[in-house]
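Work through the exercises below with the structure open beside you. Try each task before reading its solution.

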Amino acid sequence: MSNLKRPAEVAFDTVEGLSPSSKKSRIDDYDKSVTPASAIENGAGSGEGSNEGKAEQTNGENNSNEVQDEEDDDLEAGEEVEVKAPIRQAAPTEGYDDLYLDTIDRNVLDFDFEKLCSISLSNINVYACLVCGKYFQGRGPKSHAYFHALDEGHHVYINMSTQKVYVLPEGYEVKSKSLDDIKYVSDPRYTRQEVLDLDRKPHVSRTLLGKEYVPGFVGMNNIKENDYLNVVVQALSHVAPLRNFFLLQDFSNAPELVKRTSILFRKIWNPRAFKSHVSPHELLQEISLRSNKKFTLTQQSDPVEFLSWFLNHLHLGLGGSKTKPHSSVIQHIFQGKLKVESQAITARADQVHDRLRFEEAADVQSSVSRFLLLTLDLPPAPLFQDEQERNIIPQVPLTTILAKYNGVTAQELNAQRKRYRLQHPLPPFLVFHIKRFSKNKFVSERNPTIVTFDARNLDVSPYVEPDPNSHQPGEPIWYDLVANVVHEAVRNKEDVADSVGEERKTWKVQLRDKSTDEWVVAQDLFVDKVRSELLYLSESYLQIWERRREPPLGKGKEKA
């Protein structure tokens, strides 16, 4: 048996016997095994044939490698050359001015929400897609609106600040009269004559779906717990001087709070709206930011607290002064003067009547303060049931609780007796806050007393200090009700029938339509008519009264 190991000086090809086959011979054996028998008979298996086969195989491999290299070069060249972008156009192709306008869906358009890009959450240069209603930033080749147009095939966009409509990805502006209704819904504008006719001529409009609605008396979306804001905004939008101011003035350079208030007022009175309701979301976001989240859409607040904050910040936003009176339209409409007389309560005043009786000998301090709203105190509710073992709901006339301002009725406050009286000139609008809720360390209580009133002919002259220069003494000063915010307590449902559920506050507002002299009640999205004789049956909480215009002196009865 020969040695299996090959010495180093012996060539590999000369080894015979049991030496393992070389790689070359194994490849040849493989070629022979796959070669057909006819090819072997013709000499394909001989040395010359095998060499020719190897040469042909080598040439084939070289050719295939050259083809592969050419394909790789083509791929590399394709990677270097980018896909050709759509051609940007300054104007539409001739004869295709209305291209893509048939894809606009007006039913999904809602311009009430805050103008933020749905991807970057930026409020700069925002466009709205008129096909799906979403907001996107920019319209350049690398903007979110541009990519949305390529990905989804939505081509028509409106700039939310300039109201110009563009087609993407081409980028040209569309100037078509068929888009005027969308531009008007996005940013309603009014002429002076249209504003003057709001309270003179009744007007009924229709939505896209054919539903009738009256401009100015539309529902307002309660996103979660923002009904307290809805009723205040609805009430203020029916204060004619304030409404006209926000409808006619240009607030493009005003603070954001003033600008968004103006937009919401214009949408409430929109006669060409797509829907019969509006959403205060855009204004709410700004209010939440400015108030440090004191007033939000997720937590219910008090309407009077919000009204005070809202009027003061609108006053400052319109350029008003903190010290100078009547420095903005807010103070011109609502601000009045109140004379306050106070006297210290001495230790000798033991009885209740003595404590509230002003003493002639003691000093009386008098001061004049300015107000935007007046607080009216309700008498205490009865603690016990009546003889029929039922809880009676007491009633009190509005004139009775207004007696607080007649200059005679005194109140005790911080060891002092005080009395109040209004002074001329009275503001065009008076705001009354009927104080129903009181809090102490243990519990929050609600006074269910009903305040009775007539929606017209409230005489305020008994509560005003006479001034012949401003108003003839003895003549009445008439005020008419414009808006009445009412409270309604709703019990939360409990699993146990006998248990008493916690009460939840809900708010609604009653509004007077001056064009028809009818009353409308609005609670969130629900708007319905109500009889004027039934207004006082609810728990009034906030009232706005308008002074009736009188003929100037020297005309009519005075002249005769």
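## Exercise 1: Cysteines

The sulfur of Cys-132 lies 3.5 Å from the closest cysteine sulfur, which belongs to Cys-129, and this is too far for a bond. The model is a predicted one.

Task: Explain why Cys-132 and Cys-129 are not bonded, and state how many disulfides the whole structure holds.

Solution.
Step 1. Take the cut-off: a disulfide needs two cysteine sulfur atoms within 2.5 Å.
Step 2. Compare: the closest cysteine sulfur to that of Cys-132 is in Cys-129, at 3.5 Å, so the two are too far apart for a bond.
Step 3. Widen the search: over the whole structure, zero disulfides are found.

Task: Decide whether Cys-117 and Cys-132 are buried or partly exposed.

Solution.
Step 1. Recall that buried means under 20% relative accessible area and exposed means over 50%, with partly exposed in between.
Step 2. Cys-117 has a relative accessible area of 0%, so Cys-117 is buried.
Step 3. Cys-132 has 26% relative accessibility, so Cys-132 is partly exposed.

## Exercise 2: Aromatic rings

Task: Classify the ring pair of Phe-245 and Phe-246, then that of Phe-295 and Trp-309.

Solution.
Step 1. Start from the total: the structure contains 20 aromatic pairs.
Step 2. The rings of Phe-245 and Phe-246 are 5.6 Å apart, centre to centre, with 70° between their planes, and the pair is edge-to-face.
Step 3. Check exposure: Phe-245 is partly exposed at 22% relative accessible area, whereas Phe-246 is buried at 0%.
Step 4. Phe-295 and Trp-309 are 5.7 Å apart, centre to centre, with 55° between the planes, and form a tilted pair.
Step 5. Place this pair in the chain: Phe-295 is in the loop between α10 (281-290) and α11 (303-317), and Trp-309 is in helix α11, 14 residues apart.
Step 6. Both Phe-295 and Trp-309 are buried.
Step 7. Ring pairs also join Phe-295 and Trp-309 with Tyr-228, Phe-306 and Phe-310 in a cluster.

## Exercise 3: A hairpin

Task: Describe how β23 and β24 are arranged, and how many residues of β24 are buried.

Solution.
Step 1. Strands β23 (residues 518-523) and β24 run antiparallel and are joined by five bridges.
Step 2. One bridge partner is known by name: Trp-519 is matched with Val-530 in β24.
Step 3. The two strands form a hairpin with two residues between them, and Asp-524 in the turn has a positive phi of about 55°.
Step 4. Of the five residues of β24 (residues 526-530), zero are buried, and the strand is hardly covered.

Key:
Residues are numbered from 1 along each chain as its sequence is written. This is a predicted model: local features need pLDDT of at least 70, side-chain atom pairs count only at pLDDT 80 or more; totals for chains, interfaces and linings use all residues. Side-chain values use heavy atoms; hydrogens and water are left out. Buried means under 20% relative accessible area, exposed over 50%, partly exposed in between (1.4 Å probe, protein chains only). Rings of Phe, Tyr and Trp (its six-membered ring) pair if their centres lie within 6.5 Å; planes under 30 degrees apart count as stacked, over 60 as edge-to-face and the rest as tilted. Helices (H or I, at least four residues) and strands (E, at least two) are DSSP runs, numbered from the N terminus. Two strands pair if DSSP finds at least two bridges between them.
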